[in-house]
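Got your viewer open? Here is a short tour, one selection at a time.

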Amino acid sequence: MRGLGPGGTARCLRLLRLCPRPPGPRLSSGPAAAAPGALERAMDELLRRAVPPTPAYELREKTPAPAEGQCADFVSFYGGLAEAAERAELLGRLARGFGVDHGQVAEQSASVLQLRQQQREAAVLLQAEDRLRYALVPRYRGLFHHVSKLDGGVRFLVRLRADLLEAQALRLVEGPDVREMNGVLKGMLSEWFSSGFLNLERVTWHSSCEVLQRVSESEAVHPVKSWMDLKRRVGPYRRCYFFSHCSTPGEPLIVLHVALTGDITSNIQAIVKECPPSETEEKNRIAAAIFYSISLAQPGLQGVELGTFLVKRVIKELQKDFPHLGTFSSLSPIPGFTKWLLGLLNSQTRELGRSELLTDSECRELSELTGGPASETLKALLGSSEWAKSEKLVRALQAPLMRLCAWYLYGEKHRGYALNPVANFHLQNGAVMWRINWMADTSPKGLSGSCGLMVNYRYYLDETGPNSTAYLGSKSIKASEQVLSLVAQFQKNSKL
């Protein structure tokens, strides 16, 4: 961030980043690394020593836990790997070499099938099924379990999963064994980070420098530009909350920013740029709570259900402070809309030689304003944010982009659910797709990512349960008349 000022900000001049990679032997340099294959041999030796063997089924509750030093050796060794490729190599070897014993799984599966055919008594069959479940547990799960008991072990595993996700994204490590290990670790983290172990904490300007820094760095939706910007976001008529875990108190896991306003806001600049109406909150001026940013502060917890719990807890907290407050809504970005639209334009141009997303009158107006073919012009305009500076272009693009956006949010699906990840999140929570807002985010990021559009997902508290059930069960999206009207316009005027 820029703009460190006097007074309260001076205390943040010496900020420490949380969760530094722990010290360990630098294994990417020195004699050991110089010898061909030395690092790989060291990895194999470490894993043989650190990953506990799976006890026989009969001894599963009588086998002593491995020495703490074995797990600590793994943590230290891993922390000393300086390069992402080295960490990926170790994780790949762990996934491939220490998963389930497929021979045991086949043997126990055959036993269960045989007992079912013989119609044996329930107790015998249940024990055979328990043996099968035991055989399906991969060996590395035992390592993760014992590491979690070390001081700082859970934090280490969160960071390890972040490394694993990054390695998969970069294709440093691939394969079904790796995907399976990621799923196992995600499942364990989901248990450890269930709502009962999470603490809700509020951020104010008097919070610790480390917390303020972490909140600033984790903001992925509307980047914090200066300390004064951050001060405004945690000041009057604003709230900032985060979840921390009992094992790492005070350390943000996921952060939610809220604006307390007089109505449902339709423009993000009114929240992140404009100063609040006064330095002292007046409760009679607060009629709505707007969730305008939710960001994961720990990448290793991706896919762990934290956001839903955080929204629900914050709503309850706000109702304690403002009993009269009854309006809750998001003001959400629409990531992926521009990319989706450009993909449609390109595919239609290739297949049809023209675009059928715009009406004839819209094509004529756009051609008159720009002097070029409508589809090619639209692709060029979406590639930059210059069009937003022209009032005529802004007016000409409003109708087509609004209905295209409505279809993208409401009609484009992935396995029956909303394709857009932000829409899917709020719809799962039971919110209503309430209002699409034109020129709601005129920042460069907002214009390039979603053509300046944003959407309100409104939380009617007495309807969230049924709405969530309908969406998750029958994949039915609850939407307002405005959204449904725009969808109908798309179906009438645009062709996919």
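A term to have ready for the tour: a polar contact is a pair of N or O atoms within 3.5 Å, where one must be able to donate a hydrogen and the other to accept it. Bear in mind as you click around that this is a predicted model.

**Whole chain.** Start zoomed out. The C-alpha trace spans about 75 × 65 × 55 Å along its principal axes. Switch to cartoon and you have 21 helices and 9 strands to look through. Of the 496 residues, 47% count as buried. Now show the surface: about 24,300 Å² is accessible, and 52% of that belongs to carbon and sulfur atoms. Colour by charge next, and you'll pick up 60 positive and 50 negative side chains, with the centres of the two sets 2 Å apart. If you draw contacts with a separation of 6 or more, 77% of them come from residues 24 or more positions apart.

**Select N420.** You'll land in the loop between β7 (417-418) and α18 (421-428). Is N420 buried or exposed? Its relative accessible area is 0%, so N420 is buried. What does its side chain reach at 2.8 Å? That is the backbone oxygen of P335, and the distance fits the 3.5 Å limit for a polar contact. Now add Y408: its side chain and that of N420 are joined by a polar contact of 3.3 Å. To fill in the surroundings, show I334, P335, Y408, L409 and Y457, which N420 contacts once neighbours within four places in sequence are left aside.

**Step along to V422.** This residue sits in helix α18. Leaving out residues up to four places away in sequence, V422 touches S332, P333, P335 and Y457. Keep P335 and Y457 on screen, as they are among the contacts of N420 too. For a longer look across the model, draw a C-alpha to C-alpha line from V422 to L189: the two are 233 residues apart in sequence and 22 Å apart in space.

**Finish with the cysteines.** A disulfide is a covalent bond between the sulfur atoms of two cysteines. How many disulfides does the structure hold? The count is 0. Select C451 and C405 to look at one case: C451 is in no disulfide, and the nearest cysteine sulfur, that of C405, is 8.0 Å away. C451 has 0% relative accessibility, so it counts as buried. Last stop is C209, at 11% relative accessible area. The cut-off for buried is under 20%, so C209 is buried as well.

Definitions and conventions: Residues are numbered from 1 along each chain as its sequence is written. This is a predicted model: local features need pLDDT of at least 70, side-chain atom pairs count only at pLDDT 80 or more; totals for chains, interfaces and linings use all residues. Side-chain values use heavy atoms; hydrogens and water are left out. Helices (H or I, at least four residues) and strands (E, at least two) are DSSP runs, numbered from the N terminus. Buried means under 20% relative accessible area, exposed over 50%, partly exposed in between (1.4 Å probe, protein chains only). Contact means heavy atoms within 4.5 Å. Accessible areas come from the Shrake-Rupley method with a 1.4 Å probe; for residues, only the protein chains shown count as cover. Lys and Arg count as positive and Asp and Glu as negative; His and the chain ends are not counted. The place of a charge is taken as NZ of Lys, CZ of Arg, CG of Asp or CD of Glu. A disulfide is a pair of cysteine sulfur atoms within 2.5 Å.
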